[in-house]
Amino acid sequence: METIFSRNKVEHPEPIKAEVQGQLPTWLQGVLLRNGPGMHTIGDTKYNHWFDGLALLHSFTFKNGEVYYRSKYLRSDTYNCNIETNRIVVSEFGTMAYPDPCKNIFAKAFSYLSHTIPEFTDNCLINIMKSGDDYYATSETNFIRKIDPQTLETLEKVDYSKYVAVNLATSHPHYDSAGNILNMGTSIVDKGRTKYLLFKIPSSVPEKEKKKSCFKHTEVVCSIPSRSLLQPSYYHSFGITENYIVFIEQPFKLDIVKLATAYIRGVNWASCLAFHKEDKTWFHFVDRKTKKEVSTKFYTDAMVLYHHMNAYEEDGHIVFDIVAYKDNSLYDMFYLKNLNKDFEENSKLTSIPACKRFVVPLQYDKDAELGSNLVKLPTSATAVKEKDGSIYCQPEILCEGIELPRVNYDYNGKKYKYVYAAEVQWSPVPTKIAKLNVQTKEMLHWGEEHCWPSEPIFVPSPGAREEDEGVVLTCVVVSEPNKAPFLLILDAKTFKELGRATVNVEMHLDLHGMFIPQNDLEAEME
């Protein structure tokens, strides 16, 4: 198990033909592109945390029934600087580096009074984002890196903060029907007026400005002031419906003063994050048309969440589904010292992830009695009016033990039935993948001994009429010495295996990614 996590992986920049078993659908043409940490040791230095490793991109290309694999390290400034000096010289979230000769890409410790903040790493290891015809590797800092989805080459570096005043941004943006990107970031500058910004990057630029990048046309849709100016909420994703943005301000907070002095104190940035279990979790809803926040205050108990599943509107209510924890133990599990050979016996989450459905009544009887449930939909989720006019929400539990949820993106922001996810139970690393029907709570599963699947990605079949008409793809790492890793292709409807593409390489456990249909790749080449 140890090698799955910590051993440096070799890159394979030239395509390797996979051995295909089973029958792949003839329409499945394109590239599954994924991202995650692949190198944790540089020279004599080691990263402390699995999420700190250098970004390794890998892809499976589907072409006329054949499958080709390749992998390549993201040539970020961080990568180049570390490799050149043969040690870790650029700090990551869980690993502070000393001393730091790369002054150009990692900033000096900053003083809160001067409103300068550290320049973070450009080791974009979490996800892939599409912008127009271009693709970017992303993480949670203000940097993203353009990549070639076919060769995995690293191209230019983009700094969000040149276009919008954010220091951190999510690696889970949303796309509207026109292909524009909607994303959220935290602005921790400006005399302590910490706020969360929702910003929009257009999918294309006007004809006369063809040479300009889409990022130059980035606009702030709205800003939400942080409830605590020096301790903004950490968030990894947000939700979207046809008319609203769903943002959850959780009591898992980043202490800016601690962040400002972390370098001097010799501690990592992760130590500046703390869960305040006595606090509330606040829900914010922003009207996408008026760009104004709904004035009613909605809240629930303290929780930690990373992933939104989906959200939609129904009869004057906003329904949103998330994966939530009772504490922040998940992050600590991934310190490499915890991912040792006894990992499977010793690593048990203190809080199992729960799929929670919250139902929030935007239109309700203002004269409703205090303590009465304002939810009018058939669900066990409740929303109760309090004395001060705020509304206390309690969820319906859809299921427990799943993470890394994905939906058919054609149903994003709409009423939906199915979510595909990795099954984790009490261990933080997936052992199975699952399909959950959120309406009936029925589940289908796939799992095999010694197999560790990644986030499952749904790909709709051309002209699909039903929500689950298509395939589910997941990369599977194998911890049995004589078995090779593979890409698994399941029928999304039945969850039966259609085929697998096996590659004789040491594949890394990845985090997130996307499927790029052949037509989109051709558009990019043009």
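Author: Helices (H or I, at least four residues) and strands (E, at least two) are DSSP runs, numbered from the N terminus. The structure above is a predicted model.

Reader: How many helices and how many strands are there in the protein?

Author: Counting the runs of each kind gives the answer for this predicted model. The protein holds 6 helices and 38 strands.

Reader: Why is the protein said to be as compact as a globular protein of its length?

Author: The globule rule gives 24 Å for 526 residues. The radius of gyration of the protein is close to that figure, so the protein is as compact as a globular protein of that length. Along the principal axes, the C-alpha trace spans about 65 × 60 × 55 Å. The radius of gyration itself is 22 Å.

Reader: What share of the residues in the protein is buried?

Author: A residue is called buried when its relative accessible area is under 20%. The accessible surface of the protein comes to about 21,900 Å², and carbon and sulfur atoms hold 49% of that area. Of the 526 residues, the buried ones make up 60%.

Reader: What share of the contacts with a separation of 6 or more joins residues 24 or more positions apart?

Author: A contact needs heavy atoms within 4.5 Å. Among contacts in the protein with a separation of 6 or more, pairs that are 24 or more positions apart account for 61%.

Reader: How far apart do the centres of the positive and negative side chains lie?

Author: The protein has 59 positive and 69 negative side chains. Each set has its own centre, and the distance between the two centres is 4 Å.

Reader: Which strands do the buried residues of helix 2 pack against?

Author: Helix 2 covers residues 77–85, and its buried residues are Thr78, Tyr79, Cys81 and Asn82. These residues pack against strand 3 (30–39), strand 4 (41–42), strand 6 (54–63) and strand 7 (66–73).

Reader: What is the phi of asparagine 86, just after helix 2?

Author: Asparagine 86 belongs to the loop between helix 2 and strand 8 (127–131). With a relative accessible area of 49%, asparagine 86 is partly exposed. Its phi is positive although the residue is not a glycine. The value is about 55°.

Reader: Is leucine 152 buried or exposed?

Author: Leucine 152 sits in the loop between strand 10 (143–147) and strand 11 (154–159). Like asparagine 86, leucine 152 is a residue other than glycine with a positive phi, here near 65°. The relative accessible area of leucine 152 is 0%, so this residue is buried.

Reader: Is alanine 178 buried or exposed?

Author: Alanine 178 is in the loop between strand 13 (174–175) and strand 14 (181–187). Its C-alpha is 40 Å from that of tyrosine 335, which is 157 residues away in sequence. The cut-off to pass is over 50%. At 51% relative accessibility, alanine 178 counts as exposed.

Reader: Which residues does histidine 512 contact, leaving aside its neighbours within four places in sequence?

Author: Histidine 512 lies in strand 38 (residues 512–517) and counts as buried at 3% relative accessibility. Histidine 172 is 340 residues apart from histidine 512 along the chain, while their C-alpha atoms are separated by 9.3 Å. The contacts of histidine 512 are Arg34, Asn35, Ile126, Asn127, His172, His236, His307, Leu404 and Glu455.

Reader: What distance separates the C-alpha atoms of histidine 307 and histidine 236?

Author: Histidine 307 is in strand 23 (residues 304–314) and is buried, with a relative accessible area of 8%. Its contacts beyond four places in sequence include His172, His236 and His512. Histidine 236 is 71 residues away along the chain, and the two C-alpha atoms are separated by 6.6 Å.

Reader: Which residues does threonine 379 touch, not counting those up to four places away in sequence?

Author: Threonine 379 lies in the loop between strand 25 (354–361) and strand 26 (382–385). Its relative accessible area is 22%, which makes this residue partly exposed. Glutamate 396 is 17 residues away in sequence and 6.9 Å away in space, C-alpha to C-alpha. The residues that threonine 379 touches are Val359 and Glu396.

Reader: Over which residues does pLDDT stay under 50?

Author: The average pLDDT of the protein is 90, and 91% of the residues score at least 70. Where pLDDT is low, the predicted coordinates should not be read in detail. One stretch has 38 contacts beyond four places in sequence in the model, yet its pLDDT stays under 50: residues 103–117.

Conventions: Residues numbered from 1 in each chain as written. Predicted model: local features only at pLDDT ≥ 70, side-chain atom pairs only at ≥ 80, totals over all residues. Heavy atoms only, no water. Rg over C-alpha atoms; globule rule 2.2 N^0.38 Å. Buried < 20%, exposed > 50% of the residue type's maximum accessible area, 1.4 Å probe, protein only. Areas by Shrake-Rupley, 256 points an atom, 1.4 Å probe, with all protein chains shown as cover. Lys, Arg positive; Asp, Glu negative; His and termini not counted. Charge placed at Lys NZ, Arg CZ, Asp CG, Glu CD. pLDDT = per-residue confidence, 0-100.
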